[in-house]
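I sat down with this model today to see how the chain is put together and what lies around the ligand. Here are my notes, in the order I looked things up.

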Amino acid sequence: MERPSRVWLVFTMLLSFPISSFSLEKLNMCMDAKHHKTEPGPEGELYQQCAPWRENACCTAKTSAEAHEDNSYLYNFNWNHCGVMSKKCKKHFIQDTCFYECSPHLGPWIQPADDTWRKARILDVPLCLEDCNSWYNDCKYDVTCKENWHKGWNWTSGTNRCPAGAQCQKWTDVFPTAQSMCEKIWSNSYKHTTYTKDSGRCMQMWFTGQNPNTKVAEFYLNQGSRTETAMITSLTLSLAVLLSMV
Ligand SMILES: *[C@@H]1O[C@H](CO)[C@@H](O)[C@H](O)[C@H]1NC(C)=O
């Protein structure tokens with residue numbers, strides 16, 4: 001009895017080792033997208049709103065400065081497609097750009113993308129309630145013509161314009177709730193949650209000091225690998241039992 005179980009214990013450890021090291025890699029990584037660095041690292045010169053990521057970032061200083069510009073070379077994106085976007089609204093889109101370009105902790109939510117301009121995207125990143133709500137509240141008196149800002153624009157002029165048939169409307173007519181805005185605007189890159197910033201269960205777009213999202217990504221990765229480990233352990237145990245019966 002003792003022999004086979006030892007053998008299988010070693011076998012389980014060998015099997016789970018590559019899985020846990022694979023997960024560790026996901027804790028600190030950059031996605032394969034348009035402007036991301038290949039590896040995260042210190043960036044002491046990150047600009048203004050992107051400064052919180054200085055200790056460890058996927059964006060360069062140049063990208064961080066561009067994130068603050070209208071129609072920047074990053075995406076040629078025109079925030080002012082239905083008249084000038086208010087300053088207090090725009091600061092959330094700048095922060096959203098910093099978060100997307102700079103965060104090294106999005107690994108658990110990175111997915112393959114079939115876009116021409118990137119190989120990877122983020123899907124369902126659990127956003128803290130306060131960050132989604134303040135974004136919505138600061139934009140709700142602005143105007144837009146589209147619910148999904150990733151797709152369907154008229155780009156013939158080189159920048160995004162409202163396509164034929166899409167009227168400029170009150171923000172709240174396009175996005176009736178904070179949830180609809182946070183989830184739909186970037187094709188479900190974000191998921192609305194009721195978790196607050198102190199929960200450790202949601203990603204923070206706005207923070208100061210030590211990056212709080214390291215621990216959040218760790219939590220969601222452990223959740224996933226715990227399921228994998230449990231599956232492998234039970235499989236191995238059943239095999240061990242079967243073998244000891246022969
Ligand atoms: C796109 O915009 C141009 C003008 O910039 C216009 O001539 C064209 O009809 C528009 N196309 C669509 C599909 O809306």
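**Entry 1: the overall layout.** I began by counting elements, and the protein chain has 7 helices and 6 strands. I keep in mind that this is a predicted model. Reading along the sequence, I wrote down the pattern α-α-α-β-β-β-α-β-β-α-α-β-α. I then checked burial: of the 246 residues in the protein chain, 26% count as buried. For contacts between residues at least 6 apart in sequence, I found that 64% join residues at least 24 apart.

**Entry 2: the core.** Which residues touch the most other members of the largest nonpolar core? I got C50, W53, C59, C102, V125, L127 and C182, out of 36 residues in that core. I next asked which elements feed it, and α3 (87–102), β3 (125–127), α4 (129–139), α6 (178–184) and α7 (213–245) each supply at least two residues. As background, I noted that nonpolar side chains tend to be buried together in soluble globular proteins. I picked W53 for a closer look. Leaving aside neighbours within four places in sequence, W53 is in contact with L46, C59, C98, C102 and S103.

**Entry 3: helix α3.** I looked at the geometry of this helix next. α3 has 16 residues and reaches 22 Å from its first C-alpha to its last, close to the 22 Å expected at 1.5 Å a residue. Its buried residues are H92, D96, T97, C98, F99, Y100, E101 and C102. I traced what they meet, and the buried residues of α3 pack against α2 (61–66) and α4.

**Entry 4: E101.** A glutamate on that buried list made me stop, since E101 lies in helix α3. Why does E101 count as buried? It does so because 26 other C-beta atoms lie within 10 Å, and 20 or more is the cut-off. Skipping neighbours within four places in sequence, I listed its contacts as H35, H36, C58, C59, T63 and A67. The C-alpha atoms of E101 and T63 are separated by 7.8 Å, with their positions 38 residues apart along the chain.

**Entry 5: C139.** I moved on to helix α4, where C139 has its place. C139 is buried, because I count 24 other C-beta atoms within 10 Å. Not counting residues up to four places away in sequence, C139 touches C89, H92 and W171. I also looked at K88, which is 51 residues from C139 in sequence and 7.3 Å from it in space, C-alpha to C-alpha.

**Entry 6: two backbone angles.** Most residues other than glycine have a negative phi, and I looked for exceptions. N76 has a phi near 55°, a positive value, and is found in the loop between α2 and α3. Is N76 buried or exposed? N76 is exposed, because just 12 other C-beta atoms lie within 10 Å. S187 has a phi near 40°, also positive, and sits in the loop between α6 and β6 (190–192). S187 counts as partly exposed, because it has 15 C-beta neighbours inside 10 Å.

**Entry 7: the ligand.** I finished with the ligand. Which residues surround the ligand? I noted N154, T156, S157, R161, P163 and A164. Sorted by class, the shell around the ligand has 2 nonpolar, 3 polar and 1 charged residues.

Key:
Residues are numbered from 1 along each chain as its sequence is written. This is a predicted model: local features need pLDDT of at least 70, side-chain atom pairs count only at pLDDT 80 or more; totals for chains, interfaces and linings use all residues. A residue is near a molecule or strand if its C-beta atom, placed from the backbone, lies within 6 Å of it. Ala, Val, Leu, Ile, Met, Phe, Trp, Tyr, Cys and Pro count as nonpolar, Asp, Glu, Lys and Arg as charged, and the others, Gly among them, as polar. A nonpolar core is a set of buried Ala, Val, Leu, Ile, Met, Phe, Trp, Tyr and Cys residues joined through C-beta atoms within 7 Å. Helices (H or I, at least four residues) and strands (E, at least two) are DSSP runs, numbered from the N terminus. Two residues are in contact if their C-beta atoms, placed from the backbone, lie within 7 Å. The expected span of a helix is 1.5 Å times one less than its number of residues.
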